[in-house]
Amino acid sequence: MADKSTNSRLAGRRKERAMEKKTEVEEKKEEKKGAVREDETKASVNGAGEAVANGAGEAITNGDAATNREATNTEGDQDKPEPMELPPFETITGDRIDPFFFKFQFKNVEYSSGRNKTFLCYLVDQGGSEDGVLRGYVEDEHAGSHAEDMFFQLILPHYDPSVKYSVTWYVSSSPCASCAAKLVEILRERKSMRFTLFSARLFEWEEPEIREGLKALAGAGCKLRVMKPLDFSYTWDTFVEHDDQRFTPWEDCQENYEYYQEKLADILQ
């Protein structure tokens, strides 16, 4: 019984010491919390121990925090690849086209894979005005405004009702439905403008909205034509940096012209 009593007293003392240690740990935690709160209070006081006026203390604190965040982000971004900045979309205009681009983009193939640009060569006769005849080309990548739309923004932005305009386009493909609708609207507003549009290819001519757009263009007075070999030769001489080289039609140029001419006649009938 004596051994059991001794063991009981020892167990009781161990329990008391454990409780005392727990109390001491909790008291130290409270002291640390109080010190943190005191430091936070001092953060709003300047070096002389005076309160910072007009929110300057907040600015300093935020500045330090921003510096810390910037340092942390810098360390984290060292392992991240830098984002690639794509160049802005830009419509290209000029006087003459590179011969390689002309032969590729204007080729009147049925399936125009990889030909994601529109080249628009233009002649504008302004009826003997001081500006004379305008000649050049507009190029797009279908990433923004199309060449047909940009022509009226960059080349012929102003319209004088007293001037008789004669506009001729030679385009690598016929207009999309949206561009056709815009052209119809422009032709209805500009009554003194005669318009002729030669296309190397018909763009998605099977689509109903494309067919309706071409029919509406013809109804608004636009003369729609498919480029024949002689038209390719004229465009080459007039709009291409050919260095005195003559245009040589590709093997199926005449055959493809007849194919598209038949499709256009079917659309416009």
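## Cysteines

C222 has 5% relative accessibility, so C222 counts as buried. Buried means under 20% relative accessible area, exposed means over 50%, and partly exposed lies in between (1.4 Å probe, protein chains only). C253 is also buried, because its relative accessibility is 1%. The structure holds 0 disulfides. A disulfide here is a pair of cysteine sulfur atoms within 2.5 Å.

## Model and confidence

This is a predicted model: local features need pLDDT of at least 70, side-chain atom pairs count only at pLDDT 80 or more, and totals for chains, interfaces and linings use all residues. Residues are numbered from 1 along each chain as its sequence is written, and side-chain values use heavy atoms, with hydrogens and water left out.

The mean pLDDT of the protein chain is 76, and 62% of its residues reach 70 or more. pLDDT is the predictor's confidence in each residue, from 0 to 100. Residues 1-18 have pLDDT below 50, and this stretch makes 0 contacts in the model beyond near neighbours in sequence. For residues 83-88 the pLDDT is below 50 too, again with 0 contacts beyond near neighbours in sequence. Contact means heavy atoms within 4.5 Å.

## Overall layout

The protein chain has 8 helices and 6 strands. Helices (H or I, at least four residues) and strands (E, at least two) are DSSP runs, numbered from the N terminus. In order from the N terminus, the elements run α-α-β-α-β-β-α-β-α-β-α-β-α-α.

Of the 269 residues, 32% count as buried. Take the contacts in the protein chain with a separation of 6 or more: residues 24 or more positions apart account for 74% of them.

## Strand pairing

Strand 4 is mostly covered, with 6 of its 7 residues buried. Strand 4 pairs with strand 2 through 6 bridges, and the two run antiparallel. Two strands pair if DSSP finds at least two bridges between them. Y122 has W169 in strand 4 as its bridge partner. Strand 4 is also joined to strand 5, by 7 bridges and in parallel. There, V167 stands opposite F195 of strand 5.

Strand 5 runs parallel to strand 6, with 4 bridges between them. L197 has L224 in strand 6 as its bridge partner. Side chains alternate along strand 6 (residues 223-226): L224 and V226 point to one face and are buried, while K223 and R225 point to the other and are not.

## Crossovers

Strand 4, helix 5 and strand 5 make a right-handed β-α-β unit. A crossover is right-handed if, with the strands pointing away from the viewer, the path from the first strand over the helix to the second runs clockwise. Another right-handed β-α-β unit is built from strand 5, helix 6 (residues 208-219) and strand 6.

## Helix 4

Helix 4 (residues 147-155) is largely enclosed by the rest of the structure, because 7 of its 9 residues are buried. The buried residues are A147, E148, D149, M150, F151, F152 and I155. Their cover includes strand 1 (92-94), strand 2 (118-125), strand 3 (133-140), strand 4 (165-171), helix 5 (177-189) and strand 5 (193-199).

## Aromatic pairs

The structure holds 20 aromatic pairs. Rings of Phe, Tyr and Trp (its six-membered ring) pair if their centres lie within 6.5 Å; planes under 30 degrees apart count as stacked, over 60 as edge-to-face and the rest as tilted. Y170 and Y234 form a tilted pair, 5.7 Å centre to centre with 45 degrees between the planes. This pair links distant parts of the chain: Y170 lies in strand 4 and Y234 in helix 7, 64 residues apart. Y170 is buried at 7% relative accessible area, whereas Y234 is partly exposed at 36%.

W236 and F247 form a tilted pair as well, at 5.8 Å centre to centre and 45 degrees between the planes. W236 sits in helix 7 and F247 in the loop between helix 7 and helix 8, 11 residues apart. W236 counts as buried at 1% relative accessibility, and F247 counts as buried at 10%. Both belong to one aromatic cluster formed by F102, F106, F232, W236, F247 and W250.

## The loop at P249

P249 is found in the loop between helix 7 (229-239) and helix 8 (253-268). Its relative accessibility is 40%, so P249 counts as partly exposed. P249 and K107 are 142 residues apart in sequence, yet 9.2 Å apart in space, C-alpha to C-alpha.
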